[in-house]
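Work through the following exercises with the model open beside you, trying each task before reading its solution.

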Amino acid sequence: MSDVIEIPKGARDQVLVFALDMPVEQAKFLRDEDGALAQVLGLPALDMTQAEIFPVEDLEGLGLLGYLREGMGVSEADLSDHGMALDGLSGWVLVLRARAFDGAETRLTPASSLMLVARLGEVKTDWSAPGAIPSDAAQPSLRTSPRDARNRARRIGASLFAVVMLLIFLLIWALAT
């Protein structure tokens, strides 16, 4: 067993990158078998949608650094700090988001075949807005409320229905007499 890795409660913006020192068959088994990765990490369960196991060579055009930056949203500062270690990786890797632990405080005790290479942070999205949009196109342009427009459409439809029914009634009455 290697060192214990602490994941604090509420941590959702961390990305852990492990190098897998194992045969290809065993790496594929961890990826494909339910519960295998959780067992190797020393956990009872794990959200596998937040874990990816793949060979670095599969990222030939993008590379691991590009994948972490573009695909995982890892901050540039973290990538520059760990860039040399990440860029030198080959073989199979495990990329694990802290979301896999559902915000609970977690202690990972990975097997000796899993080596933590980097603990990175995702860029947090800024959801704040600068204020009101000054453009006239952004202002509401409804002259009547949707409820009034619906009522008007219903009245027109009912009127047309009444006129058509009256014409049919007159046509039947004219043919009958």
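**Exercise 1.** Determine whether F54 and Y67 are buried or exposed in this predicted model, and then describe how their rings are arranged.

*Solution.* Begin with accessibility, where a residue counts as buried under 20% relative accessible area; by this criterion F54 is buried, and Y67 is buried as well. Next, consider the rings: a pair of aromatic rings is described by the distance of the centres and the angle of the planes. A search through the whole structure returns one aromatic pair. In that pair, the ring centres of F54 and Y67 are 5.5 Å apart and the planes stand at 75°, and because planes over 60 degrees apart count as edge-to-face, the pair belongs to that class. Finally, place the two residues: F54 belongs to strand β3 and Y67 to helix α3, so the pair ties together parts that lie 13 residues apart in sequence.

**Exercise 2.** Work out in which order the four strands of the open sheet are arranged, and explain why one side of β3 and of β6 is left without a neighbour in the sheet.

*Solution.* Reading across the open sheet, the order is β3-β4-β2-β6, with antiparallel pairing. Since β3 (51-55) and β6 (114-121) are at the edges and each has a single partner strand, one side of each remains without a neighbour in the sheet. Neighbouring strands of this sheet are turned against each other by 20° on average, direction ignored. Looking further inside the sheet, strand β2 (residues 14-20) is joined to the antiparallel strand β4 (residues 92-97) by five bridges, and A19 stands opposite V93 in β4.

**Exercise 3.** Identify which strands helices α3 and α4 lie against, and establish how the buried residues of α4 are distributed around its axis.

*Solution.* Helix α3 (residues 63-71) lies across β2, β3, β4 and β6, and runs at about 155° to β3. Helix α4 (residues 76-87) also packs on the sheet, where it touches β2 and β6, and its direction makes about 160° with that of β6.

Turning to the burial of α4, the residues D78, L79, G83 and L86 are buried. Seen down the helix axis, the buried residues of α4 fall within an arc of 145°, so they line one face of the helix. The cover over these buried residues includes β2, α3 and β6, whereas S80, D81 and M84, on the other side of α4, are exposed.

As a last step, compare the span of α4 with that of a straight helix: its 12 residues have end C-alpha atoms only 14 Å apart, short of the 16 Å that a straight helix would reach at 1.5 Å a residue.

Terms used:
Residues numbered from 1 in each chain as written. Predicted model: local features only at pLDDT ≥ 70, side-chain atom pairs only at ≥ 80, totals over all residues. Heavy atoms only, no water. Pairing = 2+ DSSP bridges. Axes fitted to C-alpha atoms, helices over the stretch in contact; angles between N-to-C directions. Contact = heavy atoms within 4.5 Å. Expected span 1.5 Å × (residues − 1). Buried < 20%, exposed > 50% of the residue type's maximum accessible area, 1.4 Å probe, protein only. Arc of directions from axis to C-beta. Phe/Tyr/Trp six-rings, centres within 6.5 Å; stacked < 30°, edge-to-face > 60°.
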